[in-house]
Amino acid sequence: MPNFETVEVKTDVLILGGGMAACGAAVEASYWAKKNNLKVTLVDKAAMDRSGAVAMGLSAINQYVDVNTGKNTINDYVDYVRNDLMGITREDLVANIARHVDSSVHLFEKWGLPIWKDADGAYVHEGRWQLMINGESYKVIVAEAAKNAIGIDNIYERVFITDPLIKDGKCVGAVGFSVRENKFYVFKAKSVLCTMGGAVHVFKPRSSGEGLGRSWYPPFNSGASAYFTIRGGAEMTCQEVRFIPVRFKDAYGPVGAWFLLFKSRATNCLGENYMETNRPELDNWKPYGMVKPVPANLRNWLMMLDVTAGNGPIFMRTEEAIAKIADASPDEKTKKKKLKELEAEAWEDFLDMTISQAILWAATNTAPEEKPSEIAACEPYFIGSHSGASGAWVSGPEDIAHKDYFWGYPNMTTVEGMFAAGDASGASSHKFSSGSHAEGRIAAKGAISYAVDHAGEPTFDDAELEEMKKRILLPLDVFEENKGATTDPDINPNYIRPKMYMFRLQKIMDEYAGGVSTNFTTNKHLLERGLELLDFLKEDSEKLAAEDLHELMRCWENVHRTWQAEAHIRTILFREETRWPGYYFRADCPSMKADWEVFANCKWDPKTGKWEMIKRDMHRVY
Ligand code: SFD
Ligand code: AMP
């Protein structure tokens, strides 16, 4: 094995990840740290300026409640989220984020983010909760503020976190390695905030072959949060609530601006609008089928019914929507100007956040004002901050949370000293970029309080650390020792490379856990077989091989994905109903059941290595 230096960093509050939640956390934690003479440290596997889901930028801020003007109340937002998630949501967490999110948005604007304004100077809304932005540099702007607050010396970029340090049931730090230098990192902290995003490429993607790697969710987020919290022994929630966005086909361009701002229709090959023709199906999913807007999974479901019936392709009617808006102009000259404006907005929507979709339009001679574009349901992702809900089960705020949902510090997981926010915390969907930032601030304040209340220096056994170092770097040895056994380094009797491992994981998930090729459908027997195959895959994870540091990261990304996959299968199996058709369909339990209006939680015990499945009551507070 190459010689790896061990670098030990002692801090008070450790923030893992450098995305939206981490940036919010950095700003808030730094403020309180100064008052309490504490040190805050942040670790990101990439460079904060362009890391995580907002790397490419965004064209909208999807959560702005607008409480000050009285347009909406916190209650309105909680209603929206509960309904969109078919009744399953932690209202205390959603409300806590909703009451703080507007101030995050105001900070973004103060830091230089251009938010669209109308002639009267008011924010331009995409929909009721969404604001339009010129957001190509959104992440750069938000990261700059975070970096200034925390100080460059306290930031470790390009350090990949693998595991938590757990001592006597408490989280006292994290370990990982540099993806650029032969350095093994040990971070010891009084409290740890996990904000390492969600997971992609757990399921086989639609994009394969030359398109491999392209996805809606950023390929860099690979289940680190789920792994970190599960392995620490934290209770997890909503692990079955994957997210399947509908997107412009093959390059994953966003649809929100088209549906909400441009008021576009989507139609099948017969020119029918599935939201109208398939509307009677909504009766089967009462009461949530009746709410407005129709929940995201049910919108998907109505579209999928058409596709399954052989009525594809489905088209976003961009040409029709643009014409309708332009035709409302009072005269020809204004109409021409309006057309140009709409054309620019359509392209910018993609250029601000999904550049590949603009490239695909250019490559296929698509002018949105002239012809429609295909849309399709993506492969499943794990993202607790959008319209999915997977993540850790965290404590709510003292003033709102039911007693079952409160255990001392806001956003602390069930493991002492371990906090979670953004995609890493569950059952609080629809926080998006802005709400994740706000939740990062909430969680950071909790983590600071914990560090103040538990001032003892964190310690960890050196021999155990040495064992962890060996285990984490093992794939480098496995490759080095066995690479000569064959002429093709990809094929070897003694090891598996991370890419091949990933393909096997994706095949299992796709075929047994309801991926694209099984039309998002599964049942008890398929899930049980999937678990059996996952066990074999986990055995082989000990034979993962890495040629270099980059591949070592790939190895661990796939181990992380595997744990996310297992939590997902176990929870779909546990919940004996179908509650989110359009996300997944349990063919053996094809309808929604009143006695399943509860949280399906799970927990892995680090001592016994056993999983426990837990039902938790739903307490309404709004
Ligand atoms: O329209 C490790 N989101 C949108 N939100 C909006 O407000 N508006 C939009 O327009 C949005 N759109 C959108 C969105 C997401 C995606 C993927 C697309 C389009 C294509 C949602 C938000 O982006 C999302 O809610 C937040 O970003 C979530 O914040 P957070 O902090 O939970 O995750 P992150 O920002 O992805 O950051 C994760 C960080 O973790 C790091 N990381 N670091 C160390 N070690 C490891 N092992 C690590 N693994 C990961 C990452 O580098 C990153 O820094 S629309 O389509 O909906
Ligand atoms: P998207 O581009 O699909 O991520 O959507 C951006 C925002 O608009 C999210 O808050 C979505 O929930 C919302 N949204 C997208 N399409 C619709 C729709 N047809 N009806 C209501 N809300 C939508």
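**Two ligand sites and some salt bridges**

E343 is partly exposed, with 24% relative accessibility. Throughout this talk, buried means under 20% relative accessible area, exposed means over 50%, and partly exposed is in between, with a 1.4 Å probe and protein chains only.

Before I go on, the provenance. What you see is a predicted model, in which local features need pLDDT of at least 70 and side-chain atom pairs count only at pLDDT 80 or more, while totals for chains, interfaces and linings use all residues. Residues are numbered from 1 along each chain as its sequence is written, chains are lettered from A and ligands numbered from 1 in the order in which they are written, and side-chain values use heavy atoms, with hydrogens and water left out.

Back to E343. What does the side chain of E343 meet in a salt bridge? The partner is K340, at 3.7 Å from N to O. A salt bridge here is a side-chain nitrogen of Lys or Arg within 4 Å of a carboxyl oxygen of Asp or Glu. Both residues lie in helix α10, residues 332-351, and they are three residues apart, about one turn of the helix. Helices (H or I, at least four residues) and strands (E, at least two) are DSSP runs, numbered from the N terminus. K340 has a relative accessible area of 56%, so K340 counts as exposed. This pair therefore joins an exposed lysine, K340, to a partly exposed glutamate, E343.

How many salt bridges does a search of the whole structure find? The count is 43. Two others are worth looking at on the screen.

One is D66 with K71, where the N to O distance is 3.8 Å. The two ends sit in different classes: D66 is buried at 6% relative accessible area, whereas K71 is exposed at 57%.

The other is R586 with D588, whose closest N and O atoms are 2.8 Å apart. R586 is buried, with a relative accessible area of 1%, and D588 is partly exposed at 35%. There is also a network: E240, R575, E577, R579 and E597 are joined into one by salt bridges that share partners.

Now the ligands, starting with ligand 1. How many residues surround ligand 1? There are 35, counting a residue if one of its heavy atoms lies within 4 Å. D44, A60, S385, H386 and S433 are the closest. By class, the shell holds 17 nonpolar, 14 polar and four charged residues. Nonpolar covers Ala, Val, Leu, Ile, Met, Phe, Trp, Tyr, Cys and Pro; charged covers Asp, Glu, Lys and Arg; the others, Gly among them, are polar. Elements that each supply at least two residues of this shell include α1 (20-36), β4 (60-61), β7 (159-167) and α12 (432-453).

For polar contacts with a ligand, the cut-off is a pair of N or O atoms within 3.5 Å. The side chain of S51 has an N or O atom 2.8 Å from an oxygen atom of ligand 1. A polar side-chain atom of N221 also lies 2.8 Å from an oxygen atom of that ligand. For G18 the backbone does the job, with an N or O atom 2.9 Å from a ligand 1 oxygen. Taken alone, ligand 1 exposes 1,100 Å², and the protein buries 97% of that. These areas come from the Shrake-Rupley method with a 1.4 Å probe.

Ligand 2 is next. Its shell has 13 residues, and the closest are Q130, R247, G256, L260 and H386. Which element gives the largest share of the shell around ligand 2? Helix α6, residues 256-261, contributes three residues. The classes are seven nonpolar, four polar and two charged.

G256 has a polar backbone atom 2.8 Å from an oxygen atom of ligand 2. The side chain of Q130 places an N or O atom 3.0 Å from a ligand 2 oxygen, and for the side chain of H386 the figure is 3.1 Å. Taken alone, ligand 2 exposes 480 Å², of which the protein buries 87%. Note H386: it is listed among the closest residues for ligand 1 and again for ligand 2.

Two single residues to finish. M56 is in the loop between β3 (40-44) and β4, and M56 is partly exposed at 37% relative accessibility. Is S104 buried or exposed? S104 is buried, at 0% relative accessibility, and its place is in helix α3, residues 91-110. The C-alpha atoms of S104 and R441 are separated by 9.0 Å, although their positions lie 337 residues apart along the chain.

How values were computed: Polar contact = N/O pair within 3.5 Å; in protein donor to acceptor, adjacent residues only side chain to side chain.
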